[in-house]
Amino acid sequence: MRPRTPLPLAAAVFAGSLLLTGCGSETAPAGAAEEETAKCREAGPPLGEAKDGVRITGTKGLGASTPGCSSGVASVAFEVTSPEKEPYAYTVTFSVTDAAGQAYESTPVAVPSVPGGATVRSSFTATPAQGPDSAGTAGVKILKVRSVPVDELGSPAGPCPRSGVRVTTDQGDAAMGLRAVGVRLENCGTRPYQLDGYPRVTPLDEQHRPLPGVRVLRGGAEISTGLGTASPRRFSLAPGEAARTSLMWRNTHEGFGEAANGPYVRLVAKPGASPVMLIPELDLGTTGKLGVAAWEEERR
């Protein structure tokens, strides 16, 4: 989809400091070490920043732009409080700023399950991208929060879902305002899985409500020439086999109307199948169109 600069996760390493003298070395006084730690802690962002149910509760190793704060690694503690009634899985993306003031998007941090109305605590460690002007992590903010009902997870890893299929998306492709996100369905069960034609797709906003004014089209002819041209047909997937479809749209603003943007799509592979919620990050502009390709068998 849109270009991103992922931030690799790393384990935090904190070393004790030594004071060198002409006769050797000696350990820094305890009071000096505590003062140094407090100074570095003050250089980080204020705690308590919150966004969409996520709150930063603790930091360590921030403030590398302050003299004496040499750690390039930030350890960030946060908590997720779910307002929902059922368990939700959360994905949190942070904005990490280095000492030069450059902000980087972190690798999304997953919180697999938060019971309805409950609070779950988690943490992650990060270092900013290495560059000539990068001298450590100076700050961390909550950039984006996404949530999916646990019962509607596509389950990219772990045990096969009760439905017998895994549904996942790829990173997508974007060029000149044209977007395309691939969707893969794998039969991870023990029985054949039949598909016929097009999946049913419902675009959703950040509150998981249907996006108003969006037309879901069969095929991609109205999106761009040559997209989603496969003819719908019935076929069966043996255990271990997979099929693909794709979501297609244009991020075009035609000068009137409101942009239709929503992070989620609820997909039903075939009539009677369990719904799966995906996160393709739709930015439909003012086109109001989302094309869906017919299912095709994946070639090995």
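**Close-up 1. Pairing of V265 with L278 in strand 21.** The bridge partner of V265 in strand 21 is L278. This view, like the others, is taken from a predicted model. Strand 20, which spans residues 264-268, runs antiparallel to strand 21, and 3 bridges join the two strands.

**Close-up 2. The open sheet of strands 15, 20 and 21.** The sheet is open and consists of 3 strands in the order 15-20-21, paired in antiparallel fashion. Its edges are formed by strand 15 (200-204) and strand 21 (276-278); each has a single partner strand, so one side of each is left without a neighbour in the sheet. On average, and with direction ignored, neighbouring strands of this sheet are turned by 25 degrees against each other.

**Close-up 3. The disulfide between C160 and C188.** A search of the whole structure finds 1 disulfide. C160 and C188 are joined by this link, with an S to S distance of 2.0 Å. The link of C160 and C188 is right-handed, with 75 degrees about the S-S bond. C160 is located in the loop between strand 10 (137-149) and strand 11 (165-169), while C188 belongs to the loop between strand 13 (178-187) and strand 14 (193-196); the pair therefore ties together parts that are 28 residues apart in sequence.

**Close-up 4. Accessibility of C160.** The relative accessibility of C160 is 29%. Because buried means under 20% and exposed means over 50%, C160 counts as partly exposed. This residue is the disulfide partner of C188.

Conventions. Residues numbered from 1 in each chain as written. Predicted model: local features only at pLDDT ≥ 70, side-chain atom pairs only at ≥ 80, totals over all residues. Heavy atoms only, no water. Disulfide = S-S within 2.5 Å. Helix = DSSP H or I, 4+ residues; strand = E, 2+ residues; numbered from the N terminus. Buried < 20%, exposed > 50% of the residue type's maximum accessible area, 1.4 Å probe, protein only. Pairing = 2+ DSSP bridges. Axes fitted to C-alpha atoms, helices over the stretch in contact; angles between N-to-C directions.
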